[in-house]
2 protein chains.
Amino acid sequence: DAQYSRNVPFETSPQTIRLYYFYNHWTMRAATNFFIFVDLSLALFEEPALFPLPFLATSIAEVLCLTAFFGRLIHFAKVTPQTVFWKDTKNICIMVTIVLTLVDLIVYGSLEAINIHSVRWSRALRPVFLINFPESRQIRRAFRSIRNTLPDILYVFLLFMFNMLIFSLMALKLFGDRGLKTVEGSPYFTNILEIIFDLYVLVTTANSPDVMMPAYDFNRWYSLYFITYIIINTYIFMSVFLAVVYNNYRKHLKNEIRKLVYLKHYKMVEAFNLLKVKVGAEFVVKEAEWRRLTKVVVPDISSSHLELLLRISDEGQKGHVDKTNFLRLADLLNIQVITISVRRHPLEAWMPRVYKSSVSLFIQKVVQHRIFVWIYDAIILLNAIFIALDEKNPFISYAEWLFLSLYVIEILLKLYTYEPKAYFGRKQFWNWFDTLIIIAALVATVANATIQSARKYNSQQILDIVLVLRILRLLRVIISIQRFRVIVTTLINIGPTILTFGGLVLVVYYTFAIIGMEVFQGKVRFFDPNVTTPDALVCGNPALKDAAFARDRYCKNNFNDLAASFVVLIELTVVNQWHIIAEGFSLVTHPTAKLYFIFFHIVVVILIVNIFIAFILEAFFVAYSLDKSDIETAIERKIQELG
Amino acid sequence: DAQYSRNVPFETSPQTIRLYYFYNHWTMRAATNFFIFVDLSLALFEEPALFPLPFLATSIAEVLCLTAFFGRLIHFAKVTPQTVFWKDTKNICIMVTIVLTLVDLIVYGSLEAINIHSVRWSRALRPVFLINFPESRQIRRAFRSIRNTLPDILYVFLLFMFNMLIFSLMALKLFGDRGLKTVEGSPYFTNILEIIFDLYVLVTTANSPDVMMPAYDFNRWYSLYFITYIIINTYIFMSVFLAVVYNNYRKHLKNEIRKLVYLKHYKMVEAFNLLKVKVGAEFVVKEAEWRRLTKVVVPDISSSHLELLLRISDEGQKGHVDKTNFLRLADLLNIQVITISVRRHPLEAWMPRVYKSSVSLFIQKVVQHRIFVWIYDAIILLNAIFIALDEKNPFISYAEWLFLSLYVIEILLKLYTYEPKAYFGRKQFWNWFDTLIIIAALVATVANATIQSARKYNSQQILDIVLVLRILRLLRVIISIQRFRVIVTTLINIGPTILTFGGLVLVVYYTFAIIGMEVFQGKVRFFDPNVTTPDALVCGNPALKDAAFARDRYCKNNFNDLAASFVVLIELTVVNQWHIIAEGFSLVTHPTAKLYFIFFHIVVVILIVNIFIAFILEAFFVAYSLDKSDIETAIERKIQELG
């Protein structure tokens with residue numbers, strides 16, 4: 001169990017172990033994930049909905065999910081000791097959320113029955129389930145990391161706010177009485193609250209240099225005020241935020257790893273104590289026992305791999321494993337030993353004569369040659385030129401078929417030369433990428449051609465997909481350049497952890513989206529770009545008259561359904577023009593609505609994006625200074641010893 | 001000499017040593033710096049000038065500067081051995097630049113004489129002098145750091161460009177034939193070069209979400225294309241750039257420090273070999289000799305400090321210093337030993353009876369009490385409220401006099417209580433800050449009142465200064481909060497190095513500004529905001545009709561003089577709206593002018609700003625994990641030994 005660094009304390013009676021196995025069985029975990037997914041995606045069907053469903057349907061689905069979560073929790077309670085269960089904030093969180101959701105459902109339902117619309121506020125709590133089930137350890141760790149950063153960030157933030165207030169006061173006094181006008185003709189820097197907002201936006205650089213222009217036009221020396229402000233707040237303070245987040249991230253990472261290692265050690269000691277027998281002066285685990293344990297933990301281990309591990313663990317070949325080596329087992333199992341089998345090609349087994357004939361050998365030699373790779377790189381470049389040319393020309397659309405068949409031939413040739421299982425090995429990202437892209441392009445092109453010849457019309461969706469696939473194929477050139485490959489490999493290796501961030505961002509976005517939909521739904525409507533009625537020009541809300549929001553045609557940036565809300569939140573994360581969006585939504589509701597956007601900026605841009613940057617920095621530093629760990633060297637030594 | 005880690009190899013004959021001393025004399029260095037300053041500031045007076053001077057005047061000044069530089073170089077050549085002098089690229093750089101500048105001056109002058117206008121291109125080379133004189137070691141180091149980062153950055157940049165091209169091609173194919181229009185009504189994503197520019201701008205986030213809106217309005221699924229692009233290029237690639245720069249910065253820093261330590265050691269060994277005498281089995285330096293050397297190197301060392309150092313160096317009190325300890329001398333001298341003298345207050349010496357009287361002692365006790373600090377914090381807050389209120393009210397302007405006198409009283413009281421020299425110690429940043437602000441405010445307020453009563457009118461400049469000073473006073477609250485003080489102290493400590501970056505940025509800005517002025521001068525003109533003639537609305541250039549540049553009233557963002565150019569470059573560094581400025585200047589000249597802006601972005605934002613961030617990160621990490629060096633602990637041990 002320690003292998004996966006899970007740390008669920010459980011009792012050791014046979015019945016609970018069976019229950020525990022069942023709890024960790026993949027079907028149960030898949031079911032939990034499924035219900036979490038259903039619960040979260042309910043927001044797509046509830047008002048304001050992308051695909052509206054009646055309240056009854058969504059509420060029944062929600063109750064179903066809640067029951068499933070409750071069942072899962074009870075199952076978990078049976079497995080762990082009572083005291084531990086009640087001490088764990090995770091479980092309490094889940095229970096409280098279930099109760100709150102039920103209360104909200106009942107209140108909302110009964111109010112709805114007598115035709116009073118209220119707010120389904122408990123929907124914002126749904127990500128609690130995603131965070132608090134033991135399955136999402138990674139996301140929880142990221143949240144813990146944020147929580148630990150908060151105190152340090154807070155003081156920097158307060159200092160930053162104080163500094164901003166001082167500058168706001170200065171701006172009010174310097175520019176307030178000048179009677180200056182902004183480009184839109186509104187008074188410039190006269191209201192302290194608006195100044196604070198403008199200066200906060202300036203920190204994010206989103207209104208530079210517009211906010212400076214009126215003062216700069218009036219007197220060029222006033223630019224010094226803005227330059228000082230930007231240097232102090234945008235450059236220095238924002239870097240300090242990154243430094244604080246990064247520093248905490250590193251410190252926290254170290255602590256988490258230390259804790260995990262300790263827990264693993266503790267559990268391995270317990271396992272050792274269960275299995276030990278006394279041989280001579282010391283306690284050891286018999287070889288047969290050890291084999292059985294390893295087989296149970298990793299059912300699909302190859303026998304040669306097992307043999308290798310045993311040789312490493314049983315240093316003196318004494319037929320038993322001592323404590324030190326036993327404790328290393330978990331780490332050993334986590335190292336992937338690539339079994340380089342000199343397996344024969346299946347075709348060689350089927351028809352050895354043909355495969356070993358001189359023509360076949362020649363083909364294999366050609367495929368393995370460097371020039372083969374170069375020729376295909378040239379073909380890809382040629383293909384790029386053809387893509388860039390106009391595709392209306394029938395000759396070019398025929399060329400597409402040619403290129404496609406050339407790529408298919410390449411893959412077939414490679415499969416002919418290399419052993420298929422090795423070719424599609426786990427680490428062979430680019431081979432997978434290649435094959436999938438080509439197959440998808442083949443399928444889509446054929447489908448498109450069929451539809452075209454049958455109905456004489458091009459399906460737009462399929463054409464788009466074909467196009468994207470066709471261009472993605474060009475990415476293949478990257479692998480031919482060694483330096484590029486290193487960078488891309490590092491990026492691919494950190495892919496899984498980037499997905500953790502995806503989960504984290506999803507949780508935060510979901511909560512903000514639900515709140516945003518409750519507050520801003522229906523306030524801004526999108527009209528087809530060709531409609532130019534006065535109503536369409538102000539996004540269906542007269543309050544937006546003369547606002548930059550309507551002028552820039554941001555009507556589709558609204559909170560009218562979950563998907564649209566997510567797009568808006570992504571735009572806010574990118575930061576640029578966020579003040580226009582904030583301004584727009586505060587015009588259609590209330591000036592305090594800006595607080596929602598400022599808060600979003602603090603949480604997502606100052607905290608999460610900085611953690612993301614810290615993570616990428618750390619990943620690259622590790623990649624630059626890759627060191628082999630102790631145990632890996634131990635394995636290597638043993639492999640060398642064994643020849 | 002090793003103390004200041006200078007590493008100029010020089011001959012050891014008495015004459016050269018005298019020359020070398022003279023070379024390093026502060027007047028000579030000040031003169032060099034003065035001529036560099038004059039040379040750089042010539043750009044203020046040359047066409048396009050802030051303060052125009054005839055070409056004859058500026059060219060005579062330039063020749064003068066060049067002569068001074070040449071003289072300085074010859075002086076340096078006399079000091080160093082010939083071979084070393086000619087191997088040093090710095091010297092060759094300076095000579096080449098002098099020759100080039102002279103050639104340019106002559107060519108330009110003679111062409112001017114026959115009324116042909118040409119380009120003073122050599123002006124862009126002027127920062128070479130700033131970089132290459134031995135005085136600006138720090139800036140040179142920063143440049144070296146950039147140069148070393150280039151190869152690594154290059155590959156990431158190529159990959160990034162390749163990725164951008166792939167996405168551009170995709171955009172052309174996906175959106176080019178849709179007949180979509182941008183908000184301004186121009187065709188959307190139809191020209192591949194424009195697409196590449198737009199997507200480059202999107203990486204800097206400056207045109208998000210505008211660039212996405214037409215496609216998003218057409219079909220919401222197209223947002224996925226832009227989101228993918230932003231995640232890959234803005235978030236991942238930009239972080240990778242930071243990672244590469246940061247990694248190189250750290251590596252490079254380590255190397256530089258190692259090299260410096262090695263050079264210092266080498267020089268100290270040479271000095272030891274000159275001074276050594278044999279005592280017993282080992283070579284040592286006599287105590288008298290050692291004293292004399294230290295006195296020569298640091299003339300104003302206090303005798304107690306010297307004694308302390310000697311005791312540390314001469315461990316056995318044997319009257320001489322051995323090699324190991326001698327080599328430590330340079331490091332020892334660099335450590336500031338704060339001589340905490342329990343000096344008496346001067347007033348106590350003058351009139352001991354009054355100063356020691358019970359009233360006086362009571363006052364001192366009050367001033368030292370915490371409540372005194374609290375009262376003044378409260379006064380500052382009250383002052384902030386008064387400032388925020390309208391100052392038209394005469395009562396409030398009287399209150400200002402009250403506050404000012406309260407602050408003056410505070411400083412006087414503190415000077416009465418604490419010893420003045422200790423109060424204005426080197427490390428007492430806040431005391432200095434306080435006193436200077438108050439004195440300046442006092443002077444400015446009195447000056448203003450005098451002018452007002454004499455001429456019945458307020459001088460706007462003085463009023464502005466008074467206002468800024470008045471508000472800066474509020475910053476004092478920070479020191480009362482421990483946590484804030486830590487952050488601010490770290491920021492103040494890294495201040496000097498930030499100035500190095502200032503130098504680096506100045507060099508890059510200067511070169512870009514000169515090029516910008518030659519290319520864009522006079523193309524865009526600024527009119528008073530109240531003038532609304534058609535000419536003023538397009539910044540005096542019909543090519544800007546309907547351009548966002550004119551619509552946003554960016555007319556004052558031009559390259560018509562050095563100061564204006566610098567402001568534009570700062571705006572470009574802040575990034576937001578840089579594409580509008582680039583678009584504007586390419587409209588009035590040629591589309592290729594965008595390359596100037598893209599190149600500026602790569603150099604300043606991707607390289608220099610990232611180095612700046614790396615530097616701040618490192619400074620904060622060091623502050624977080626401050627460790628005492630070996631030698632500092634050695635001193636402390638000795639101090640403890642001595643009691």
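How much area is buried between chain B and chain A, and what share of it do carbon and sulfur atoms give?

## The interface at a glance

Keep in mind that this is a predicted model. Put the two chains together and about 8,300 Å² gets buried between chain B and chain A, with carbon and sulfur atoms giving 70% of that area. In terms of residues, 88 from chain B and 88 from chain A take part in the contact.

## How the copies are arranged

Chain B lands on chain A after a rotation of 180° with 0.0 Å of shift along the axis, and the fit has an RMSD of 0.2 Å. That is what a two-fold axis gives you.

Which surface does each copy bring to the meeting? The copies meet through the same surface, because 100% of the interface residues of chain B are also interface residues in chain A.

## Polar links across the interface

On the polar side, 17 residue pairs are in polar contact across the interface of chain B and chain A, with both residues at pLDDT 80 or more. The rule also turns up two salt bridges there. One of them can be named: B:Asp561 pairs with A:Arg220, and their closest N and O atoms sit 3.3 Å apart.

## Who supplies the chain B side

Several helices of chain B give two or more residues each to the side that touches chain A. Among them are helix 7 (137–175), helix 9 (213–218), helix 18 (370–388), helix 27 (562–574) and helix 29 (593–624) of chain B. Helix 10 (223–275) of chain B is on that list too, and helix 10 gives the most, with 13 residues.

Sort the chain B side that touches chain A by class and you get 59 nonpolar, eleven polar and 18 charged residues.

## A bit of sheet in chain B

Away from the helix list, chain B has some strand pairing to look at. Strand 1 (residues 277–279) and strand 2 (residues 282–286) of chain B run antiparallel and are joined by three bridges. One pairing to find in the model is B:Val277 with B:Val284 in strand 2 of chain B. The two strands make a hairpin with two residues between them, and B:Gly280 in the turn has a positive phi of about 65°.

Which strand does strand 2 of chain B also pair with? That's strand 3 (residues 320–322) of chain B, again in the antiparallel sense and over three bridges. Here B:Val285 stands opposite B:Val321 of strand 3 in chain B.

Conventions
Residues are numbered from 1 along each chain as its sequence is written. Chains are lettered from A and ligands numbered from 1 in the order in which they are written. This is a predicted model: local features need pLDDT of at least 70, side-chain atom pairs count only at pLDDT 80 or more; totals for chains, interfaces and linings use all residues. Side-chain values use heavy atoms; hydrogens and water are left out. Contact means heavy atoms within 4.5 Å. Buried area is the accessible area (1.4 Å probe) that two parts lose on being put together, summed over both. A salt bridge is a side-chain nitrogen of Lys or Arg within 4 Å of a carboxyl oxygen of Asp or Glu. A polar contact is a pair of N or O atoms within 3.5 Å; within protein, one must be able to donate a hydrogen and the other to accept it, and residues adjacent in sequence count only if both atoms are side-chain atoms. Helices (H or I, at least four residues) and strands (E, at least two) are DSSP runs, numbered from the N terminus. Ala, Val, Leu, Ile, Met, Phe, Trp, Tyr, Cys and Pro count as nonpolar, Asp, Glu, Lys and Arg as charged, and the others, Gly among them, as polar. Copies are superposed by least squares on the C-alpha atoms of residues with pLDDT of at least 70 in both. Two strands pair if DSSP finds at least two bridges between them.
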